Amino acid sequence: MRVSRLTFAVAALLLGSPATVAVAAPSAPPEAGVGPVTKLPLPRYASLKTDRVNLREGPSKDHRTLWVFQRAGLPVEIVGEFETWRRIRDSEGTEGWVLHSLLSGRRTAIVNAGPDKGAEKAAVSLRARADDGAEDAARLQTGVIGSVKNCTGTWCRLIVALPNKRDVDGYIRQNRLWGVYPNEVVE
């Protein structure tokens, strides 16, 4: 199951029948720069503010909806800006446009398979300390989303909210997350 997309195409919801939506191939990462609207760095990470965000083909409500995200806190990468619209990329490489008011500067990240891609199903250690020898605070499955509190460039402190339980707080290798750049320091 894809974490970042609604399992039904919007057309299927409207027509009551299965529909397919063409997904654009991921484009090459944009050159690092500054957004023409916000003057903030491009690309940069953000997260979805609400549980329902339409991903559109272009920067207006007149453009077709490609996907509907249904997960507040989902990390996305902002790769472009136009007026009140932001071009975003999800963890699977799909790009489209969303209204800026549906995005938050709160940093979140998705646990990924890391450099050893053969381990997609293996649990990833969330350590009690930023040390490979530290005890596990939890074991996280690929696809789990957590709040990034800080990153050193090697380790990130991640808080994962668990339903009906206490949040889990620990450290994870930065290369096991999508939502922070390699060697990025987050304070």
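In which sense do strand 3 and strand 9 pair, and over how many bridges? The tour begins with this point. The model is a predicted one, and residues are numbered from 1 along each chain.

**Strand 3 and its partners**

Please select strand 3, residues 44-48, together with strand 9, residues 103-104. The two strands pair in the antiparallel sense, and two bridges hold the pairing. To see one of the contacts, select Leu48: its bridge partner in strand 9 is Leu103.

Next, add strand 6, residues 75-82, to the selection. Strand 6 and strand 3 also run antiparallel, and four bridges join them. Here the residue to pick is Ser47, whose bridge partner in strand 6 is Pro75.

With a surface displayed, consider how far strand 3 is covered. Five of its five residues are buried, and the strand is accordingly described as mostly covered.

**The aromatic cluster**

Remain in strand 3 and select Tyr45. The relative accessibility of Tyr45 is 10%, so this residue counts as buried. Two aromatic pairs are present in the structure.

For one of these pairs, select Trp178 as well. The ring centres of Tyr45 and Trp178 are 5.1 Å apart and the ring planes stand at 85°; because planes over 60 degrees apart count as edge-to-face, the pair receives that description. Trp178 belongs to strand 16, residues 177-178, and the pair thus links distant parts of the chain, 133 residues apart. Trp178 has a relative accessibility of 17% and therefore counts as buried.

Now select Tyr181, in the segment after strand 16. Its ring centre is 4.4 Å from that of Tyr45, and the planes are at 40°, so this pair is tilted. Tyr45 and Tyr181 are 136 residues apart, and this pair too links distant parts of the chain. Is Tyr181 buried or exposed? At 22% relative accessibility, Tyr181 counts as partly exposed, because the buried class ends under 20%.

Display the three side chains together: Tyr45, Trp178 and Tyr181 form a cluster linked by ring pairs.

**A loop between two strands**

For the last stop, select the loop between strand 7 (85-89) and strand 8 (95-99), where Asp90 is found. Asp90 has a relative accessibility of 1%, so Asp90 counts as buried. Which backbone atom should be shown beside the side chain of Asp90? Show the backbone nitrogen of Glu92, which lies 2.9 Å from a polar atom of that side chain.

Definitions and conventions:
This is a predicted model: local features need pLDDT of at least 70, side-chain atom pairs count only at pLDDT 80 or more; totals for chains, interfaces and linings use all residues. Side-chain values use heavy atoms; hydrogens and water are left out. Rings of Phe, Tyr and Trp (its six-membered ring) pair if their centres lie within 6.5 Å; planes under 30 degrees apart count as stacked, over 60 as edge-to-face and the rest as tilted. Buried means under 20% relative accessible area, exposed over 50%, partly exposed in between (1.4 Å probe, protein chains only). A polar contact is a pair of N or O atoms within 3.5 Å; within protein, one must be able to donate a hydrogen and the other to accept it, and residues adjacent in sequence count only if both atoms are side-chain atoms. Two strands pair if DSSP finds at least two bridges between them.
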